[in-house]
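Work through the exercises below with the sequence and the coordinates at hand. Each task is followed by a solution in steps.

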Amino acid sequence: MTDGRERLTIGFSPSSRPRSVDRGADNTRGRLFAEILTAGPLSRTQLAQRSGLSQSTVTKVVNPMIGAGFVTETGEQSGSIGRPQRLLEVAANRRAAIGVKIGPGAVTGVLTDLRAQVLDQRTRPLTAGHDPSAVLSAAAAVVWDLLAGHPKAREKLIGVGVGLGGHVSAAEGRVVRSGVLGWTGVEVSAPLAAATGLPTVAANDVDALAVAERWFGAGRGVDGFALVTVGPGVGCGLFLGGELVTGSGGLAGELGHIPMLADGPECTCGNRGCLETLASDDAVLRKIAADGGGYAAIEEAVAAARNGDSRAAAAFGAMGEALGRGLATLCNLVNPGRIVLAGERADAFDLFGDACTRAWRAHSFSTAATDCELIIDATDDSLWARGAACLVIRDAVGADQP
Ligand SMILES: [Zn+2]
């Protein structure tokens, strides 16, 4: 988000970037916070060495973070040359954040500390469709539910991060378009901030999850990785060259909508034959039904496939084959060193993994697949909301990049 193009156009559309435009300082703060978070406790000297910054710059950037309660000094480093130095670590308990994931079936919220460790979780089902005001009311209610259980957390709260599927303008806090929710041009941050009285940021849920993976998960300590999510849809977040890649309009990594099949099944985006129509939960259920079987829920299909139902097993094989071709496309385009496969259906990799890996390797150019390590992250649903909490932590610290 700090490319030259944005700097050139910002004078013509100031509303597109309501927050600070001093991205250089923000980036440095964010980088140092991420270093302290993922590698701390660290001395200022160690932080300077790891970040490639001078020690005076480190001190200048870190001291306000200490003053703001994001970082704290702890213990001393002994045995080094010169006088012992205080160590820096994230002040996990001095501040709190709330992350909210708006999914098609439910709104899930988590209260976290500054390390995005989950302190509590609340869920409200979305049983009456996806009318924006009803869904945002449910999101506000989840925030209130969490605060009701933790009245002392309010004074420590830095804000609310919201993650949801689709094209989200993070700068404007607005959904441009979400196929899964059926929304076009829906304000998210402003109404939620008004309803809760808390600063609120919104972003694409997979981008938020990529920040969580970068900070706490399988993306920790590596220069680049691609996060691919499978489940109700197919999502992708790209963290390359030390930065989350969002693209000029926030649409980078829309792997789920690469065109795979002419005249294929209709997609939530309005096109036909997107990867998502072949590699999602619905695709599996549709294939089983087309083969003469039938399950109402994907969990039933997973259980059946594991119990030897050949139609269900074949459907997961077809899903894996399509996903593998999608991964090959991703590898041929950006040649990542690591792919993290996460999302609700990652834990069914035993059912689709063989077909996926075969197709991935077969369709990858030269060494694009063998250059890449595949890591399965079958963590629970709360990770999505935890990713959303990372959004607001990142913003509060002044980090433009994780
Ligand atoms: Zn599509």
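The exercises treat a sheet, one residue in a helix and a metal site in this predicted model.

**Exercise 1. The sheet**

Determine the strand order of the open sheet formed by 5 strands, and identify its edge strands.

Solution.
- Step 1. The strands follow the order S6-S5-S4-S7-S11, with mixed pairing.
- Step 2. Strands that pair on one side only are the edges: strand S6 (118-125) and strand S11 (200-204).
- Step 3. Ignoring direction, the average turn between neighbouring strands of this sheet is 20°.
- Step 4. At the S11 edge, strand S7 (residues 157-164) runs parallel to S11 and is joined to S11 by 5 bridges. Val160 has Thr200 in S11 as its bridge partner.

**Exercise 2. Helices across the sheet**

Find which strands helix H6 and helix H7 lie across, and give the angle of each helix to S11.

Solution.
- Step 1. Helix H6 (residues 189-196) lies across S7 and S11, and its angle to S11 is about 145°.
- Step 2. Helix H7 (residues 205-216) lies across strand S4 (96-102), S7 and S11, at about 100° to S11.

**Exercise 3. Ser189**

Decide whether Ser189 is buried or exposed, and list what Ser189 is in contact with beyond its neighbours within four places in sequence.

Solution.
- Step 1. Ser189 is part of helix H6.
- Step 2. The relative accessibility of Ser189 is 9%, and the cut-off for buried is under 20%, so Ser189 is buried.
- Step 3. With neighbours within four places set aside, the contacts of Ser189 are Gly173, Thr200, Val201 and Ala202.
- Step 4. For Thr200, the atom reached by the Ser189 side chain is the backbone oxygen, at 3.5 Å. Thr200 is also the bridge partner of Val160.

**Exercise 4. The zinc ion**

Name the protein donors of the zinc ion, classify the geometry of the site, and assess the burial of His257 and Cys267.

Solution.
- Step 1. The donors are His257 (ND1), Cys267 (SG), Cys269 (SG) and Cys274 (SG), at 2.0 to 2.3 Å from the zinc ion.
- Step 2. The angles among the 4 donor atoms are 104 to 123°; tetrahedral requires all angles between 85 and 135 degrees, so the site is tetrahedral.
- Step 3. Along the chain, the donor spacing is H-x9-C-x1-C-x4-C.
- Step 4. His257 and Cys267, 10 residues apart, are both in the loop between strand S14 (243-245) and helix H8 (276-279).
- Step 5. His257 has a relative accessible area of 26%, so His257 is partly exposed. Cys267 has 8% and is therefore buried.

Definitions and conventions:
Residues are numbered from 1 along each chain as its sequence is written. This is a predicted model: local features need pLDDT of at least 70, side-chain atom pairs count only at pLDDT 80 or more; totals for chains, interfaces and linings use all residues. Side-chain values use heavy atoms; hydrogens and water are left out. Two strands pair if DSSP finds at least two bridges between them. Helices (H or I, at least four residues) and strands (E, at least two) are DSSP runs, numbered from the N terminus. Axes are lines fitted to C-alpha atoms, for helices over the stretch in contact, and angles run from 0 to 180 degrees between N-to-C directions. Contact means heavy atoms within 4.5 Å. Buried means under 20% relative accessible area, exposed over 50%, partly exposed in between (1.4 Å probe, protein chains only). A polar contact is a pair of N or O atoms within 3.5 Å; within protein, one must be able to donate a hydrogen and the other to accept it, and residues adjacent in sequence count only if both atoms are side-chain atoms. Donors are N, O and S atoms within 2.8 Å of the metal (3.2 Å for Na, K and Ca); water is not among the atoms, so sites may look incomplete. Four donors count as tetrahedral if all angles lie between 85 and 135 degrees; four count as square planar and six as octahedral if opposite donors are over 155 degrees apart and all others between 65 and 115; anything else is irregular.
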